Structures are given as C-alpha cells and as structure tokens.
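Hi everyone, thanks for making time. I'd like to walk you through one protein model today, so please bring it up on your screens.

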Amino acid sequence: MEIKLIATDMDGTFLDDEKNIPEENLKALLECADRGIEIVPATGRTVLGLPEEIKTLPGVRYAITTNGAVVADLKEGREVSTCRIPTESAVKVMTMARESRDDIMYDAYIEGIAYTTEYFYANAEKYVLTKGLAELVRKTRRVVDDNIVYVGAQEKEIDKINMYFLNMDAKQRMREALAVVPGILISSSIPNNLEINAKGADKGSALMRLASFLGIEPGETMAFGDGENDSSMIRMAGIGVAMENGEDSVKAAADYVTATNNKAGVAAAIRQFVLK
C-alpha cells in the first residue's frame, strides 16, 4: 500500500542525542510533504514541548502528544481526540510516588502543561540522565507549591504522570505497585522513567484514531520509535520501524530496524520504503 501518513517519535528517534534534527531527516520529511503525506510527531511531550521547527514543518498539521492522551490539530489549536486519567486516580498515583521509600521525582500534565514542585524543578539534574533533558524539563514545567494538592483542586482529567527514578530497582518496585491500580497504562520512554496514562492512551491507538479521522487505512501508515511507549504504534502501523538504538522489545515488534537516531535512521527508512 502507498504510505499516506508517517508518525515519528521525537526523542531518541527523529532527534539526535543533542535534541537536534539531523539535516537528512528534515530533507526526507520535506520530500514526503511535497507528495501530500501527513507527517505526525508522536511523542510523550505536550504540544508546548514540540520544537517549533517541527510544528512549522510543511506536512505537519496533527500531533500525537503525551503518549496518545491527546491528538491535536496544530493548525486550528484544537483537540481531535483525548484519553485522560480521572483526577482521583491521578492523585492516588502521585501520592504513591510521594509516600514511596524511594526518592522519586513526579509531575502531572493538565491540558498540556506539566506541574512540578520547586524542589524537583531546582534539582532536575539529580533525577534525569542528561543536562539537555534537565533543561527540557525546566522549560516545560510550571512550579506550584504542592503538585498533588494542585492536581486535586483543579478537578480536571490528567494527560499523563511522569516519574523519574535514581535506580532501576526503585523503578521496578513502583511499576509492580502501579500494576494493581485500575484504569491506567504504564510505559517508559527512557531507562529511568515511568509514564502513566489512562488505559487506551497509547501511541498506537492514537495513531489509529487519527488515521480513521483522516480517512487513511492502517496499512497506509508508517511509524518510527525507539522506546517502550512506541511499541504499540510500531505494531499497529502498516510499516513499523525501530531505531537501532531502540529497546530490544521495540525491535522485536518492528517490521524493520533502521540506523540510529544520530545517523538519521528515520530518513534512511523513508528513502527505502517511501521515496524509492
């Protein structure tokens, strides 16, 4: 089938390790846009966290954000579809992080804005893996006195909850504890984090919802990713492509494994399957 929609994860996939866009990736997407192919960022980030260079790229109108909790129409500034966590469940999950014996950084996204505390904001480097990621965290967070109290007081459904851990044992303990909480979906995008969404808020389901909205068949889609939170769209897309730097489980789910994010693997696969 002819590919009519390409969805790509951002961090570790379309962007290199320095959070820059390889020139070959840009060139490939511009050629796809010239052919009328929909280019869809599919990310754990919010709309506000998307690089301007991505949002203004020809062919980019829609975005799958916060792991599929929100499918956004960037041109009209509206939500095409949503799948969010009820307030009560979000407060419960965040409280589990706060009361854990482990040192865990946690924040919650409401309507595309992540809310954190002054302590976590000031100590981001303690919890995340790189200076660049710490800068991204600060750029995309809003500080409140107590983010659990804030979330409860808003009485709004939550896009996503992020947790960052100091070691893998702590991450595994929390994952096991969260497994008994109903109505949530647990995934991970980098080695030391967990991302908690509502059940049904995954990139694959969001990709299928968007494709249906646009009148595009599942077989006419292509998806790229490197992390656990990309696995569903890798499986559901007509052509699922994993990055060489991706997790083994993602590679196992893929139809094809391309070069790393630092070697413009997205462009390489697009040229092989779409622009041939």
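Which residues of the largest nonpolar core touch the most other members? Before I answer, keep in mind that we're looking at a predicted model. Okay: the core holds 42 residues, and V93, I158, I161, M163, L178 and I196 are the ones that touch the most other members. Strand 6, residues 104-110, gives this core its largest share, five residues.

Let's zoom in on I158. Leaving aside residues up to four places away in sequence, I158 touches R84, I85, A90, A108, Y109, I110 and V151.

There's another core as well, apart from that one. This other core has 29 residues, including I21, M222, V241 and M243.

Now back to strand 6. Seven of its seven residues are buried, so the strand is largely enclosed by the rest of the structure. Look at which way they point: I104, Y106, A108 and I110 go one way, while M105, D107 and Y109 go the other way, and all are buried.

Who are the neighbours of strand 6? On the pairing side, strand 9, residues 160-165, joins strand 6 in the antiparallel sense over six bridges. If you want one bridge to find on screen, M105 has Y164 in strand 9 as its partner. Strand 7, residues 113-116, also runs antiparallel to strand 6, with three bridges between them. There, A108 is partnered with Y115. Strands 6 and 7 make a hairpin with two residues between them, and E111 in the turn has a positive phi of about 50°.

Next, a sheet with parallel pairing. How many strands does this open sheet have, and in what order? It has five, in the order 2-1-12-13-14. Strand 2 (38-41) and strand 14 are at the edges with a single partner strand each, so one side of each has no neighbour in the sheet. From one strand to the next, the twist averages 20°. In the sheet, strands 12 and 13 run parallel and are joined by four bridges; one to look for pairs M222 with I239 in strand 13.

Helix 13 is worth a look here too. Its buried residues are G265, V266, A267, A269 and I270. Among the elements covering them are strand 1 (5-8), helix 1 (10-14), helix 2 (23-34), strand 12 (221-225), strand 13 (239-243) and strand 14.

Last topic: aromatic rings. The count comes to six aromatic pairs. Take Y62 and F213: their ring centres are 6.1 Å apart and the planes are at 80°, so this pair is edge-to-face. Y62 sits in strand 3 (residues 62-65) and F213 in helix 10 (residues 203-214), so to speak distant parts of the chain, 151 residues apart. Is Y62 buried or exposed? At 6% relative accessibility, Y62 counts as buried, whereas F213, at 42%, counts as partly exposed.

The rings of Y256 and F273 are another edge-to-face pair, because their centres are 5.0 Å apart and their planes stand at 75°. Y256 is in strand 14 (residues 256-258) and F273 in helix 13 (residues 265-273), so the pair ties together parts 17 residues apart in sequence. Both are partly exposed, Y256 at 25% and F273 at 26%.

Two more to find before we stop. Y106, Y119, F120 and Y127 form one aromatic cluster. And the charged end of R138 sits over the ring of Y121, 5.8 Å from its centre. Thanks, everyone!

Key: Residues are numbered from 1 along each chain as its sequence is written. This is a predicted model: local features need pLDDT of at least 70, side-chain atom pairs count only at pLDDT 80 or more; totals for chains, interfaces and linings use all residues. Side-chain values use heavy atoms; hydrogens and water are left out. Rings of Phe, Tyr and Trp (its six-membered ring) pair if their centres lie within 6.5 Å; planes under 30 degrees apart count as stacked, over 60 as edge-to-face and the rest as tilted. Buried means under 20% relative accessible area, exposed over 50%, partly exposed in between (1.4 Å probe, protein chains only). A charge sits over a ring if NZ of Lys or CZ of Arg is within 6 Å of the ring centre and within 35 degrees of the ring normal. A nonpolar core is a set of buried Ala, Val, Leu, Ile, Met, Phe, Trp, Tyr and Cys residues joined through side-chain atoms within 4.5 Å. Contact means heavy atoms within 4.5 Å. Two strands pair if DSSP finds at least two bridges between them. Axes are lines fitted to C-alpha atoms, for helices over the stretch in contact, and angles run from 0 to 180 degrees between N-to-C directions.
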